[in-house]
Amino acid sequence: MKVYFLGTGTSQGIPVIGSDHPVCKSTDNKDKRLRVSVWISWEEHSYVIDCGPDFRQQMLASNCQHVDGILFTHEHSDHTAGIDDIRPFNFKQGKIPIYAHQRVIDNLKSRFDYVFATVDRYPGAPSVKTIEVVNNELFTLGDKKIIPVNVMHGDLQVFGYRIDDFAYVTDAKTVAENEISKLKNLKVLVINALREEQHISHFNLQEALDFIALVKPEKAYLTHVSHMLGFHEEVQKRLPENVYLAYDNLEITL
Ligand SMILES: [Zn+2]
């Protein structure tokens, strides 16, 4: 299985529009972060987790040729606003399955009503097939079983996803003990780490490192990163041996 980091930035992306922050001015490509998303592929299967406002650019940069489905973590715009840009895949493949909590499906139906319209559809509008994800219920993608992992983003429920020995958890601030038990014996955990300072709805760096120490994956990759965390190269040097700061276009194989 291959995991390709399509974006590793927090909601505004890096550089932030109009920012004079040194990280936003950095010439290191690893300091340029699109909105957070990963592309997971194995054999002929190809799925993305989240579809934010940089989706088009990410599909072009990664040369992704087909998408068998989109798994949504939650409804916030940095994770969903790219849904209009699935159209090239619709033209090639037909309806794209989307997997999400029922609350997220309802949210998308009100924000992107034209995607879900059944009468007077605009020709060429994006088209999706919705599949509800329910906590504690496994579902399958191709030949693989997916375990949804419930985490809390402040007061908002968010799904992480475990696929074999890989798990992707973003926008977490608190995780209940029974959910942590779904993350044992991982080869790779991807987990959000916003910045050094505390945040009301995101792990800061220390909270992410504490979570990694609790879950004990072989390797962990940090994502959903703010420019305030610092330069990629400097932050990476301060991390424990098995923890890596993810960056855009990084590809790992499991
Ligand atoms: Zn987010």
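A residue counts as buried here if 20 or more other C-beta atoms lie within 10 Å of its own, and as exposed if 12 or fewer do. With that in hand, welcome to this predicted model. The protein chain holds nine helices and 14 strands. Its radius of gyration is 17 Å, close to the 18 Å that the globule rule gives for 254 residues, so the chain is as compact as a globular protein of that length. Two open sheets, each of seven strands, will be your main landmarks.

**The chain as a whole**

- Measured out along its principal axes, the C-alpha trace of the protein chain spans about 55 × 45 × 35 Å.
- Of the 254 residues, 44% count as buried.
- Take the contacts between residues at least 6 apart in sequence: 60% of them join residues at least 24 apart.

**The annotated domain**

- An unreviewed UniProt entry carries the annotation "domain: Metallo-beta-lactamase", and this covers residues 35-224.
- Over residues 35-224 the chain is 25% helix and 31% strand.
- The end C-alpha atoms of that stretch are 8 Å apart.

**The sheet that runs from strand 6 to strand 14**

- Seven strands make up this open sheet, in the order 6-5-4-3-2-1-14, and their pairing is mixed.
- Strand 6 (128-132) and strand 14 (251-253) are the edge strands, each pairing on one side only.
- From one strand to the next, the twist averages 20°.
- As background, strands of a sheet pair through backbone hydrogen bonds, either parallel or antiparallel.
- Strand 3 (residues 45-49) and strand 4 (residues 69-71) run parallel and are joined by three bridges.
- To find this pairing in the structure, look for I49, whose bridge partner in strand 4 is L71.

**Helix 2, lying across that sheet**

- Helix 2 lies across strand 1 and strand 2, and runs at about 135° to strand 1.
- Which residues of helix 2 (residues 55-62) are buried? They are F55, Q58 and M59.
- These three cover an arc of only 100° around the axis, which puts them on the same side of helix 2.
- Their cover includes strand 1 (2-7) and strand 2 (37-42).
- Just after helix 2 comes N63, with a positive phi of about 60°.

**The sheet that runs from strand 7 to strand 13**

- This open sheet of seven strands has the order 7-8-9-10-11-12-13, with mixed pairing.
- Its edge strands are strand 7 (139-141) and strand 13, each of which pairs on one side only.
- The twist from one strand to the next averages 25° in this sheet.
- Five bridges link strand 11 and strand 12, which pair in the parallel sense.
- Within this pairing, I191 stands opposite L222 in strand 12.
- Helix 8 packs on the sheet, where it touches strand 11, strand 12 and strand 13.
- The direction of helix 8 makes about 155° with that of strand 11.

**Helix 8, with a buried side and an exposed face**

- In helix 8 (residues 205-215), the buried residues are L205, A208, F211, I212 and V215.
- They cover an arc of only 125° around the axis, which puts them on the same side of helix 8.
- What covers them includes helix 7 (177-180), strand 11 (188-192), strand 12 (219-223) and strand 13 (243-245).
- On the face turned away from the buried side sit the exposed residues Q206, D210, A213 and L214.
- After helix 8 comes K216, whose phi is positive, near 55°.

**A closer look at Y168**

- You will find Y168 in strand 10 (residues 166-169).
- Is Y168 buried or exposed? Y168 is buried, because 26 other C-beta atoms lie within 10 Å and 20 are enough to count as buried.
- Leaving out residues up to four places away in sequence, Y168 touches V38, I49, G160, Y161 and V190.
- One of these contacts, I49, is also the bridge partner of L71 in strand 4.
- How far apart are Y168 and S181? They are 13 residues apart in sequence and 14 Å apart in space, C-alpha to C-alpha.

Methods:
Residues are numbered from 1 along each chain as its sequence is written. This is a predicted model: local features need pLDDT of at least 70, side-chain atom pairs count only at pLDDT 80 or more; totals for chains, interfaces and linings use all residues. UniProt positions are given in the numbering used here, feature names are shortened, and annotations may be inferred rather than shown by experiment. Helices (H or I, at least four residues) and strands (E, at least two) are DSSP runs, numbered from the N terminus. The arc is that of the directions from the helix axis to the C-beta atoms. Two residues are in contact if their C-beta atoms, placed from the backbone, lie within 7 Å. Two strands pair if DSSP finds at least two bridges between them. Axes are lines fitted to C-alpha atoms, for helices over the stretch in contact, and angles run from 0 to 180 degrees between N-to-C directions. The radius of gyration is taken over C-alpha atoms; the globule rule is 2.2 Å times the number of residues to the power 0.38.
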